[in-house]
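The following explanation is meant for a reader who meets this structure for the first time. It begins where the chains meet and then turns to the metal sites.

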Amino acid sequence: MAQLPVELILMRQLASYLATPIFLVGPEGELLFYNEAAEGVLGYRFDEAVELPLAQWIREFPLFNTESGEPLSVDEIPVLRALRERDPVHGSLLYERPSGERVPVLATAIPLVGQGGRVLGAAAIFWPVSGGANA
Amino acid sequence: MRVEIWGSRGSLASPGASTVRYGGNTATLLVVGDEGEHLVLDAGTGIRPLGLKIPAEVRRVDVLITHLHMDHLQGLGFFQPIFRPDLEVHVWGPPSITMPLSARIGRYLSPPLFPVTLRQMPCRLELHDAEPYARIGSLRVRSDLVCHPGPTVGYRITSPGGKVLAYLPDHEPALGVDPFPASPEWTSGFDLAHRADLLVHDAQYTDDEYRDHVGWGHSSIRQLAAFARMAEVNHVAPFHHDPSHSDAEVDALAGELATLLPGAEVLPGAEGATFDL
Ligand SMILES: [Zn+2]
Ligand SMILES: [Zn+2]
């Protein structure tokens, strides 16, 4: 696999230091990384998930509409909307943990625009609604 | 392709009795292509004596700047070819989304910090944002952002015969990577350095010194060894020597690197060293 752009490398390095849950996808929406804090929310260690293509991670991490309880479509997932629309996106959703429990989550996603204006991917910061970032 | 080191010191010029062998001038290399191309890598203080040695028949010089820290830019106004009206001088530097290269270089090369402006230089001067892939004469020049404070690129120069020089004078690929190295795709600078015939790379610190300089943008000798091993490089020139390091201390670091890289050739990143690739 070729070396990733240094902006993504630095983003991962930053995320790995932060206690804020962060989820990082590449230009095709593929999962590149999530940090330890995100492992706590998602219920899976990153080692178990490593670099899943888009179609796979959206199955492994089931997301649902907060009001209707319906599964979120690809077009509704904040990190993928940020990637596609090149705009920051903020929203609430439900995440189904491996135990089957659905937890309400607030997510803010930003497109990662590199030097020269290339969209390199997107990052989502998220946390459970009740528990705060340390949950 | 011939590679000459005209300055190998990092951060600040450091002349004196304790630095005569590795030299006190800051980062400057000359690359002479097989078809007579003259590429200058970085405009440290080594560029002044280098400029005096550019042959009169040369009509074009390309100055490839990795980033705008002073130790890589300070010599530009003292580079004799920029005073030659018959010469084309192309200056390449890291792209920025906020300010063109001319404006960023002009912050230093203008009064009150410097007596004249870039526009007043007699040569035919052209400034370019470093492109990911460029061609200068017969040489292919690749540039890519690397991990160092502020936009900084490294260069990979390939001769028509396929020989490769990788130049990453200021580089901290280990920042935030524990343990270092991670896999190649998550390692800054990997693509630039991979299987190069000569890697000129940051080797500013001992391991002890690095612990007090995390995030300053430079590498320890052990990190350079790990990076070179991952990049499958067999010829390494430790570079960007700390201004406080004497020749004996740089010798010791180069010796440690050679021990860490059995089978590889560690070539001194010394002012005056020449490599034929
Ligand atoms: Zn430097
Ligand atoms: Zn620097």
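In this predicted model, chain A and chain B bury about 1,500 Å² between them, and carbon and sulfur atoms account for 59% of that area. On the side of chain A, the residues that lose the most area to chain B are Q3(A), Q13(A) and Q115(A), which together make up 42% of what that side buries. The contact draws on 18 residues from chain A and 20 residues from chain B.

The polar side of this interface can be described next. Between chain A and chain B, 6 residue pairs are in polar contact, counted with both residues at pLDDT 80 or more. The rule for salt bridges, in turn, finds 0 of them across the interface of chain A and chain B. Helix α1 of chain A, residues 6–17, gives the most to the side that touches chain B, with 9 residues. Sorted by class, the side of chain A that touches chain B comprises 10 nonpolar, 5 polar and 3 charged residues.

Attention now passes to the metal ions. The zinc ion (ligand 1) is held at 2.1 Å by D71(B) through OD, H72(B) through NE2, D170(B) through OD and H240(B) through NE2. Along the chain, these donors follow the spacing D-H-x97-D-x69-H. The arrangement around the zinc ion (ligand 1) is irregular because its 4 donor atoms subtend angles of 90 to 168°.

Which residue bridges the zinc ion (ligand 1) and the zinc ion (ligand 2)? That residue is D170(B), and the two ions lie 3.4 Å apart.

The zinc ion (ligand 2) has as its protein donors H67(B) (NE2), H69(B) (ND1), H148(B) (NE2) and D170(B) (OD), at 2.1 to 2.5 Å from the ion. The site of the zinc ion (ligand 2) is irregular, with angles of 90 to 171° among its 4 donor atoms. Its donors are spaced H-x1-H-x78-H-x21-D along the chain. Two of these donors sit in loops of chain B: H69(B) lies between β4 (60–64) and β5 (88–93), while H148(B) lies between β8 (139–145) and β9 (153–158), so the pair ties together parts that are 79 residues apart in sequence.

Conventions:
Residues numbered from 1 in each chain as written. Chains lettered and ligands numbered in written order. Predicted model: local features only at pLDDT ≥ 70, side-chain atom pairs only at ≥ 80, totals over all residues. Heavy atoms only, no water. Contact = heavy atoms within 4.5 Å. Buried area = accessible area lost by both parts, 1.4 Å probe. Salt bridge = Lys/Arg side-chain N within 4 Å of Asp/Glu carboxyl O. Polar contact = N/O pair within 3.5 Å; in protein donor to acceptor, adjacent residues only side chain to side chain. Helix = DSSP H or I, 4+ residues; strand = E, 2+ residues; numbered from the N terminus. Nonpolar A, V, L, I, M, F, W, Y, C, P; charged D, E, K, R; others polar. Donors = N, O, S within 2.8 Å, 3.2 Å for Na, K, Ca; no water. Tetrahedral: all angles 85-135°; square planar, octahedral: opposite > 155°, others 65-115°.
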